[in-house]
Amino acid sequence: MKKEVYSIAELVEMGYPKNMLKNLIHSDNFSSIGFRLASSRNSKTFFYKEKLDRFLERQMDEQEGVIA
C-alpha cells in the first residue's frame, strides 16, 4: 500500500526545504495540498505528497514563464 500523506519531518528527510513547507502552511493554497489534525498552531501538519509535488511543479512552471 502506497503512503499518501507525510508529515513535515518526513518530507524534510526526503529533501524538501523545511522553511518552504512551513510557508506553505500559511498560504491560501494549503487546504488543497495538506491539513492539520486540529486548529491549534502546534497541531500535527500533513501534506498530500502527490498534490504537493504537482503544486510545486506548477509553481516552478509559472516562475520559468516569468523568467523566460
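**Core.** I looked up the largest nonpolar core first and found 13 residues in it. The residues with the most contacts inside this core are L11, L21, L24, I33, F47 and L52. I then asked which helices feed it: α1 (8–13), α2 (18–25), α3 (30–33) and α4 (49–67) each supply at least two of its residues. I note here that the model is a predicted one.

**L52.** I took L52 from that list and looked up its partners. Leaving out residues up to four places away in sequence, L52 touches L11, Y16, L21, L24, I33 and F47. L11, L21, L24, I33 and F47 stand beside L52 among the core residues with the most contacts.

**Layout of the chain.** I counted the secondary structure next and got 4 helices and 3 strands. Read from the N terminus, the order of the elements is β-α-α-α-β-β-α. For the extent of the chain I used the C-alpha trace, which spans about 40 × 30 × 20 Å along its principal axes.

**Burial, surface and contacts.** The chain has 68 residues, and 26% of them count as buried. Its accessible surface comes to about 5300 Å². Carbon and sulfur atoms hold 51% of that surface. I also looked up how the contacts are spread along the sequence. Among contacts with a separation of 6 or more, 46% join residues 24 or more positions apart.

**Charges.** I found 11 positive and 10 negative charges in the chain. The mean positions of the two sets lie 9 Å apart. I then searched for salt bridges and the count came to 3.

**E10 and K3.** In one of the salt bridges the side chain of K3 meets that of E10, at 2.4 Å from N to O. Are these two residues buried or exposed? E10 counts as partly exposed because its relative accessibility is 27%, in the range between 20% and 50%. K3 is partly exposed as well, with a relative accessible area of 40%.

**D53 and K49.** Another salt bridge joins the side chains of D53 and K49, with N to O at 2.9 Å. Both residues lie in helix α4, 4 residues apart, which is about one turn of the helix. I checked their accessibility too: D53 is partly exposed at 27%, and K49 is partly exposed with a relative accessible area of 22%.

**R54 and E50.** I also recorded the salt bridge between the side chains of R54 and E50, where N to O is 4.0 Å. How many residues apart are R54 and E50 in helix α4? They are 4 residues apart, about one turn of the helix. R54 is partly exposed, with a relative accessible area of 44%. E50 also counts as partly exposed, at 44% relative accessibility.

**E13.** My last entry is on E13, whose place is in helix α1. Is E13 buried or exposed? E13 counts as exposed because its relative accessibility is 73%, and the cut-off for exposed is over 50%. I also took one distance from this residue: E13 and A38 are 25 residues apart in sequence, and their C-alpha atoms are 24 Å apart in space.

How values were computed
Residues numbered from 1 in each chain as written. Predicted model: local features only at pLDDT ≥ 70, side-chain atom pairs only at ≥ 80, totals over all residues. Heavy atoms only, no water. Core = buried A, V, L, I, M, F, W, Y, C linked by side-chain atoms within 4.5 Å. Buried < 20%, exposed > 50% of the residue type's maximum accessible area, 1.4 Å probe, protein only. Contact = heavy atoms within 4.5 Å. Areas by Shrake-Rupley, 256 points an atom, 1.4 Å probe, with all protein chains shown as cover. Lys, Arg positive; Asp, Glu negative; His and termini not counted. Charge placed at Lys NZ, Arg CZ, Asp CG, Glu CD.
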